[in-house]
Amino acid sequence: MALIVSHGHPVSSNPLKLSAPLGAAMAFMGMDKTMPLLHGSQGCTAFALVMLVRHFREAIPLQTTAMNEISTILGGMDHVEPALVNIAKRTKPKVIGLISTALTETRGEDMEGDLKVILGRNPELADTKVVPVSAPEFEGSLETGWSKAVTAIINNLVEPVSGSVPDGARINILPGIHLTPGDIEHLCDIVEMFGLKPVVLPDLSGSVDGHVPDHFIPTTLGGATIEAARHMGKARLTIAIGDHMRGAAEALHERTGVPFLVFDRLTGLEAVDRLMVCLSTAAGKPVPARLRRARSQLVDAMLDGHFYFGGRSFAVAGEPDFLWSWGKLLADMGGELAAAVTTLPQPFLAEMPCDRVIVGDFDDLEDQILEAGGVDLVISNTNARLTCQHQGIPHFRAGFPVYDRLGGAHRVTIGYRGTRDLIFQLANVLIDHPGHGHAATPHPMEVADAAAPAAG
């Protein structure tokens, strides 16, 4: 059992937490022909846009209502209405994600009430679905905003189902924000190997996966369509990945009656085995030979890699489900989680394989590393680089944002193959930095030989 400790800093000079509106905007990135619209100041939206562009290295559609001092006091409805009308006229999206921010939420604006009035007197918005999301910065973090946006999409787009016969081959997938576009694409491939049809919401693998379009499109290009979302009630099962997706899965179940399963992670032998049992049961057929061979390869990779993980110490910093997935993998490989820092005090983190989980920032990460006497590897986003440079510790980039490495959108970290490749990547870093911050650890047989009395 890990002790969850929240330091509650009044100010953070080296923050780990990212805002909920940013997470909500990322969720709408996974919807086809969509325009996220942040209802707040222009500067906040510009900052979010820069982070998304630097991470995905793609053209990111993101608009703002550009609240100013007067509208902040008198109300922002006069900014929301022209923004919606102009976006619908100029970019012609099928969906507009209207995301509130701390600026409007603190004032106490009735965004949903204002939206009803706006839609009622602007018939030109009839062909555009506007999905309101309440995601202020002062409540939750990146995972929170993503979860709220997905739940809002479900409540606004999915058609309630009553008495219809489900499509036995259709499987809904609700991926967490900690999965990469490559992860989502690989998960769909796995589902299709069982003869099942995956319906992903939201689907970043179709929109920000690094492909080059034939022509410029001002909205999102690719992702889950309105039509696919509308018929999610016809699936036989919903699979949600990450605890922060439980609320979205419950909302879909209440709306359609589709049963759901929440997987805490899809990285690691045991975790992927549970997924295979689920899909095999849903499809009514055994696990394909190709996946069985991939499992055998993972077992061999774990045997090869455990020599480099055993006795080594690690530090992980990120969102709760990110921390859970990576921390459990390190423990599976025999590593020691010496420092664990996250953004929210989620109850399930009490089961982390470490002594403490700190709810804090990168300064807390550095303090934990110093208290542990150093670690061999830090796993976190690019913003941990200053801590790693200061301490002289290797840094494995993962999570969001990663803007000083290429290929993040294509990295696969789930399934048998993704876990295998991840073990190799981490082990190679450890090979390049043997015994960092620690004295050489002798092999048990060497200790036994040294302790044995001399013959004669």
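This report walks through the cores, the pockets and one helix of the structure above. The model is a predicted one.

**The cores**

Let's start inside the protein. The largest nonpolar core has 105 residues. Which residues have the most contacts inside it? They are L174, I379 and L426. Take L174 and leave aside its neighbours within four places in sequence: L174 is then in contact with residues including V150, I154 and L201. Its contacts also include M232, T238, I239, A240 and I241, as well as M245, A248 and A249. Apart from the largest core lies another one, of 16 residues, with M111, I118, L125 and V130 among them.

**A helix with two sides**

Two of those names, M111 and I118, come back in helix α6, which covers residues 111-120. Along α6, M111, L115 and I118 are buried. Why do the buried residues line one face of the helix? Seen down the axis of α6, they fall within an arc of 65 degrees, so they share one face. Here is the general idea behind such a pattern: an α-helix has 3.6 residues a turn, so residues three or four places apart point the same way. On the other side of α6, K116 and G120 are exposed. The buried residues of α6 are covered by elements including β2 (34-39), α4 (77-90), β4 (95-100) and β5 (129-133).

**The pockets**

Now for the empty space. Rolling a probe the size of a water molecule over the atoms shows where such space is left. The table sets out two pockets.

| Pocket | Volume | Lining by class |
|---|---|---|
| Largest | about 660 Å³ | 24 nonpolar, 14 polar, seven charged |
| Second largest | about 530 Å³ | 13 nonpolar, four polar, four charged |

The largest pocket is lined by 45 residues, and T180, F322, A398, G399 and F400 lie nearest its centre. Several elements supply at least two residues each to this lining: α2 (42-56), α7 (142-157), α8 (181-193), α13 (320-332) and β14 (395-397). Which of them gives the most? That is α13, with four residues.

The second largest pocket is lined by 21 residues, of which K17, L18, L22, F47 and M51 are the closest to its centre. Here α1 (20-29), α2 and α15 (385-391) each supply at least two residues. The largest share comes from α2, with six residues. Helix α2 is worth finding in the structure, as it supplies residues to the lining of the largest pocket and to that of the second largest pocket.

Note on methods: Residues are numbered from 1 along each chain as its sequence is written. This is a predicted model: local features need pLDDT of at least 70, side-chain atom pairs count only at pLDDT 80 or more; totals for chains, interfaces and linings use all residues. Side-chain values use heavy atoms; hydrogens and water are left out. A nonpolar core is a set of buried Ala, Val, Leu, Ile, Met, Phe, Trp, Tyr and Cys residues joined through side-chain atoms within 4.5 Å. Buried means under 20% relative accessible area, exposed over 50%, partly exposed in between (1.4 Å probe, protein chains only). Contact means heavy atoms within 4.5 Å. On a 1 Å grid over the protein atoms alone, a cavity is a set of points where a 1.4 Å probe fits but cannot get out, and a pocket is an open set with protein on both sides within 12 Å along at least five of seven lines; lining residues have an atom within 4 Å of a point. Grid points are joined across faces, edges and corners, and a volume is the space filled by probe spheres set on the points. Ala, Val, Leu, Ile, Met, Phe, Trp, Tyr, Cys and Pro count as nonpolar, Asp, Glu, Lys and Arg as charged, and the others, Gly among them, as polar. The arc is that of the directions from the helix axis to the C-beta atoms.
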